[in-house]
Amino acid sequence: MSDPSLETLYRHHHNWLRAVLYRRSGCSELAADLAQDTFARLLRREDDIVDIREPRAFLGRIANGLLANYWRRKAIEQAYLETLQQQPEPVAISPETRYLVIETLYRIDVLLDALPAKVRRVFLMSRLDGMRYVDIATRLAVSERTVRNYMEQAMFHCLKADPGLLP
């Protein structure tokens, strides 16, 4: 490509990217949105797009990440809606509240996904299941000190990433 501008990149690869996203998602509107979001990400990049050697591979990588985030968010939303349906009484929430709850759940999911598997498991056993450290240690066949270390690591990670997520 002789002119490595964003405009040229868009003109040469937007339709291709949208077609790839359509094949992967099965939805033309979603494909169009994600293609636009991919190029919007490039607008926010600090480094110059001149260094992009393989534009389709580069764009595909960004788009795949966006699509994965979309599917992850949809899975969280579906799990939340199923949980609401299992409540004894119908729970009526506003669309704004629903959005905020799903957004918070998504942020927590991304945050926990960044933890090592053992640390995440200990954190969830403590916070979600309400287990005591001694019981977690027994179940996982580790010392109580190891459980404490894992919890400290998880709490520090969460506080560093988003201080408002933990009580």
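So, is Thr38 buried or exposed? Thr38 is buried, and its relative accessible area comes out at 0%. Before I go on, keep in mind that this is a predicted model.

Let's stay with that threonine for a minute. Thr38 sits in helix 2, which covers residues 28-44. Where does its polar side chain go? One polar atom of the Thr38 side chain is 2.8 Å from the backbone oxygen of Leu34. As for who surrounds it, if you skip the neighbours within four places in sequence, Thr38 touches Leu17, Leu59, Ile62, Ala63 and Leu66.

Some of those names come back when we look at the cores. The largest nonpolar core has 17 residues, and Leu17, Leu34 and Leu59 are among those with the most contacts inside it, along with Leu9, Leu21, Phe39 and Leu42. Who supplies this core? Helix 1 (6-25), helix 2 and helix 3 (55-85) each put in at least two residues. Take Leu42 as an example: again leaving out neighbours within four places, Leu42 is in contact with Leu6, Leu9, Ile49, Phe58, Leu59 and Ile62. There's also a second core, separate from that one, with 15 residues, including Leu112, Leu115, Met131 and Ala137. As background, nonpolar side chains in soluble globular proteins tend to be buried together.

Okay, on to helix 7, residues 144-161. With 18 residues at 1.5 Å each, helix 7 should span 26 Å, and its end C-alpha atoms are indeed 26 Å apart, so the two agree. Which of its residues are buried? In helix 7 those are Val147, Tyr150, Met151, Ala154, His157 and Cys158. Looking down the axis, the buried residues of helix 7 fall within an arc of 125°, so they line one face. That spacing should look familiar: an α-helix has 3.6 residues a turn, so residues three or four places apart point the same way. What sits over that face? Helix 4 (95-113), helix 5 (117-127) and helix 6 (133-140) are among the elements covering the buried residues of helix 7. Flip to the face turned away from the buried side, and you'll find Phe156 and Lys160, both exposed.

Last stop, Trp71. Trp71 is in helix 3. With a relative accessibility of 42%, Trp71 counts as partly exposed, because exposed would need over 50% and buried means under 20%. And one distance for your notes: Trp71 and Pro95 are 24 residues apart along the chain, and their C-alpha atoms are separated by 20 Å.

That's my tour, thanks.

Methods: Residues are numbered from 1 along each chain as its sequence is written. This is a predicted model: local features need pLDDT of at least 70, side-chain atom pairs count only at pLDDT 80 or more; totals for chains, interfaces and linings use all residues. Side-chain values use heavy atoms; hydrogens and water are left out. Helices (H or I, at least four residues) and strands (E, at least two) are DSSP runs, numbered from the N terminus. Buried means under 20% relative accessible area, exposed over 50%, partly exposed in between (1.4 Å probe, protein chains only). A polar contact is a pair of N or O atoms within 3.5 Å; within protein, one must be able to donate a hydrogen and the other to accept it, and residues adjacent in sequence count only if both atoms are side-chain atoms. Contact means heavy atoms within 4.5 Å. A nonpolar core is a set of buried Ala, Val, Leu, Ile, Met, Phe, Trp, Tyr and Cys residues joined through side-chain atoms within 4.5 Å. The expected span of a helix is 1.5 Å times one less than its number of residues. The arc is that of the directions from the helix axis to the C-beta atoms.
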